[in-house]
Structure formats: structure tokens, C-alpha cells
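Visitor: Please take a close look at one loop, and then follow its surroundings into the rest of the fold. I should like one connected account.

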Amino acid sequence: QLTTADAGGDIDVCTTGGYTIKDASAVNYNAVSWISSGSGTFANTNTIAPTYTPSASDITTGSVLLTMNVTGTAPCSNNASDVITLNFHPTVTVYAGPDVTINYGSIFNASEASVQNSTDVLWTTTGSGTFSNNAMVNATYTPSIADFTQGSVVLSLAGINNASCAPVIDNLTLTLTNLWSVEFTWGATCDSQPVEFTVDTK
């Protein structure tokens with residue numbers, strides 16, 4: 001039986017740490033080795049499932065080619081090789097901001113939220129309020145009456161365009177109090193005279 005090598009399919013790598021090759025296989029072989037077109041390092045390079053740690057240069061370049069070389073078992077003398085591409089994606093970081101408490105009737109502005117290495121974002125809520133634009137990092141959230149009745153909601157910010165990598169999500173808790181804030185305005189009047197006012201509860 002001829003020796004064959006299959007390094008697996010091309011891979012999207014979503015971390016700067018080591019990545020272990022999981023889908024490689026070989027038939028009728030007695031030795032295997034791996035080489036990289038980049039400057040990263042292998043662990044367990046003489047196995048079907050080595051771990052490759054990319055260098056800073058690899059990540060900057062964006063991809064490397066990994067070649068799997070297999071030596072045949074006697075009496076077969078053929079050798080085999082196969083190549084895969086590791087595509088490196090920048091690490092996405094997401095910060096939704098600190099937990100916040102607001103009073104009844106107020107809105108929340110995610111002014112402290114930030115996202116790096118992801119151009120597409122998405123806000124979601126466990127409540128039923130509305131976002132001014134849930135695809136904007138510094139969105140504004142208007143709680144619903146049901147949100148205030150519940151007392152708190154969790155707002156989640158996700159970076160969602162990281163190729164085939166999973167979304168990166170961060171959460172904050174928005175605590176909602178039923179404390180009313182009232183503003184009084186009045187016209188000119190004399191001291192010690194009664195002042196009439198109305199309260200708008202809308």
C-alpha cells in the first residue's frame with residue numbers, strides 16, 4: 001500500500017497562542033515531520049498532531065503554509081507530503097463598560113464601550129428596551145417599563161465579524177431604580193407667597 005499524507009483543510013486561527021493540528025492523517029508510514037513557511041515553532045513536530053505557535057511576524061503576515069512530510073514503510077519506498085494554510089486573525093477585544101445604575105425615565109449611553117479588531121458589532125438585551133442603533137459601539141439604550149419593573153437587564157456587546165472565529169462578547173448589568181427625579185420651575189414671585197406647580201409624570 002502506498003504511503004499517503006493528508007494535512008487536513010486550511011484553518012482559521014483565532015488566537016495568538018499555539019494551535020494543534022487536529023485533522024491530519026497518514027497511511028503506511030514510519031516517520032512524519034512538519035515545516036513552516038513562517039518563523040513560528042512546532043511542538044511534537046514528529047507526530048500527526050503537532051502544535052504550531054506563530055511568531056509575531058507570522059501574525060503580521062496573516063498566514064503561513066505548513067507542510068506535512070511522511071516517509072513510507074518498507075517495502076514501499078515512496079514519500080508523501082501535503083500542505084495546509086493557517087490564516088491568523090487579529091484577537092478581538094470587547095468591553096461593554098462598567099455596570100451602571102439609572103433612575104426611572106432615564107436612558108443609558110454606552111459611552112465607555114470599546115471594541116478592537118472588529119468592524120461589526122451587535123448589542124443585545126435580556127430586556128425589552130430599544131437601542132438607538134444596536135450596530136454602534138457607543139449606542140444608547142432606552143429601557144422599557146417592563147425593564148424598570150424587573151429591576152435590571154443585562155446588555156451584551158459582541159464583536160461579530162472575526163472570519164469563522166466565534167463572536168467575542170462582554171456584558172454589563174444595567175440596574176434600574178424606580179426613584180423619580182423631579183424638576184421645579186417657576187416664575188418671579190414674592191418671598192413667602194404660595195407657588196403653584198404641576199408634576200408631569202409622563
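Guide: In this predicted model, Gly40 is placed in the loop between strand 5 (29-36) and strand 6 (41-43). The C-alpha atoms of Gly40 and Thr53 are 5.5 Å apart in space, although the two residues are separated by 13 residues in sequence. Thr53 is also one of the contacts of Gly40: with neighbours within four places in sequence set aside, Gly40 is in contact with Tyr52, Thr53, Pro54, Ser55 and Asp58.

One of these contacts leads to the aromatic residues. Tyr52, which touches Gly40, belongs to a cluster in which ring pairs link Trp34, Phe42 and Tyr52. Phe42 falls within the range given for strand 6 (41-43), and Trp34 within the range given for strand 5 (29-36).

Trp34 leads on to another strand. Among the residues touched by Thr67 are Ser33, Trp34 and Ile35; Ser81, Asp82 and Val83 are touched as well, not counting residues up to four places away in sequence. Thr67 is found in strand 8 (residues 63-72). With a relative accessibility of 17%, Thr67 counts as buried, because the limit for that class is under 20%.

The aromatic cluster does not stand for every ring pair, and the structure holds five aromatic pairs. In the pair of Tyr104 and Phe148, the ring centres are 4.8 Å apart and the planes meet at 50°, so this pair is tilted. Tyr104 lies in the loop between strand 11 (100-102) and strand 12 (108-109), whereas Phe148 lies in helix 2 (residues 145-150); the pair therefore ties together parts that are 44 residues apart in sequence. The two partners fall into separate accessibility classes: Tyr104 counts as partly exposed at 26%, and Phe148 counts as buried at 4%.

Helix 2 also holds Asp147, which counts as buried at 1% relative accessibility. A polar atom of the Asp147 side chain lies 3.2 Å from the backbone nitrogen of Gly129. Gly129 is also among the residues that Asp147 touches, together with Gly127, Ser128, Tyr141, Ser152, Val153 and Leu176, residues up to four places away in sequence not being counted.

Several of these contacts of Asp147 can be placed in strands. Ser152 has Thr175 as its bridge partner in strand 18. Strand 17 (residues 152-159) and strand 18 pair in the antiparallel sense, over eight bridges. Leu176, another contact of Asp147, is the bridge partner of Ile102 in strand 18. Strand 11 and strand 18 (residues 168-176) run parallel and are joined by three bridges. Strand 18 thus has strand 17 as an antiparallel partner and strand 11 as a parallel partner.

Tyr141, also touched by Asp147, lies within the range of strand 16 (residues 140-142), which pairs with strand 15 in the antiparallel sense over two bridges. Here Thr142 of strand 16 is the bridge partner of Thr130. These two strands belong to an open sheet of three strands in the order 12-16-15, with antiparallel pairing. Strand 12 and strand 15 (130-131) stand at the edges and each has a single partner strand, so one side of each is left without a neighbour in the sheet.

A covalent link also involves the region of strand 17 and strand 18. The structure has one disulfide, which joins Cys14 to Cys165 with an S to S distance of 1.6 Å. The torsion about this S-S bond is about -90°, so the disulfide of Cys14 and Cys165 is left-handed. Cys14 lies in the loop between strand 2 (11-13) and strand 3 (19-20), and Cys165 in the loop between strand 17 and strand 18; the disulfide therefore ties together parts that are 151 residues apart in sequence. Cys14 is partly exposed, with a relative accessible area of 32%, while Cys165 counts as buried at 9%.

These details belong to a protein chain with two helices and 18 strands. Of its 202 residues, 31% are buried. Among the contacts in the chain with a separation of 6 or more, 58% come from residues 24 or more positions apart. The accessible surface of the chain comes to about 11,800 Å², and carbon and sulfur atoms account for 51% of that area.

Note on methods: Residues are numbered from 1 along each chain as its sequence is written. This is a predicted model: local features need pLDDT of at least 70, side-chain atom pairs count only at pLDDT 80 or more; totals for chains, interfaces and linings use all residues. Side-chain values use heavy atoms; hydrogens and water are left out. Rings of Phe, Tyr and Trp (its six-membered ring) pair if their centres lie within 6.5 Å; planes under 30 degrees apart count as stacked, over 60 as edge-to-face and the rest as tilted. Helices (H or I, at least four residues) and strands (E, at least two) are DSSP runs, numbered from the N terminus. Buried means under 20% relative accessible area, exposed over 50%, partly exposed in between (1.4 Å probe, protein chains only). A polar contact is a pair of N or O atoms within 3.5 Å; within protein, one must be able to donate a hydrogen and the other to accept it, and residues adjacent in sequence count only if both atoms are side-chain atoms. Contact means heavy atoms within 4.5 Å. Two strands pair if DSSP finds at least two bridges between them. A disulfide is a pair of cysteine sulfur atoms within 2.5 Å. Accessible areas come from the Shrake-Rupley method with a 1.4 Å probe; for residues, only the protein chains shown count as cover.
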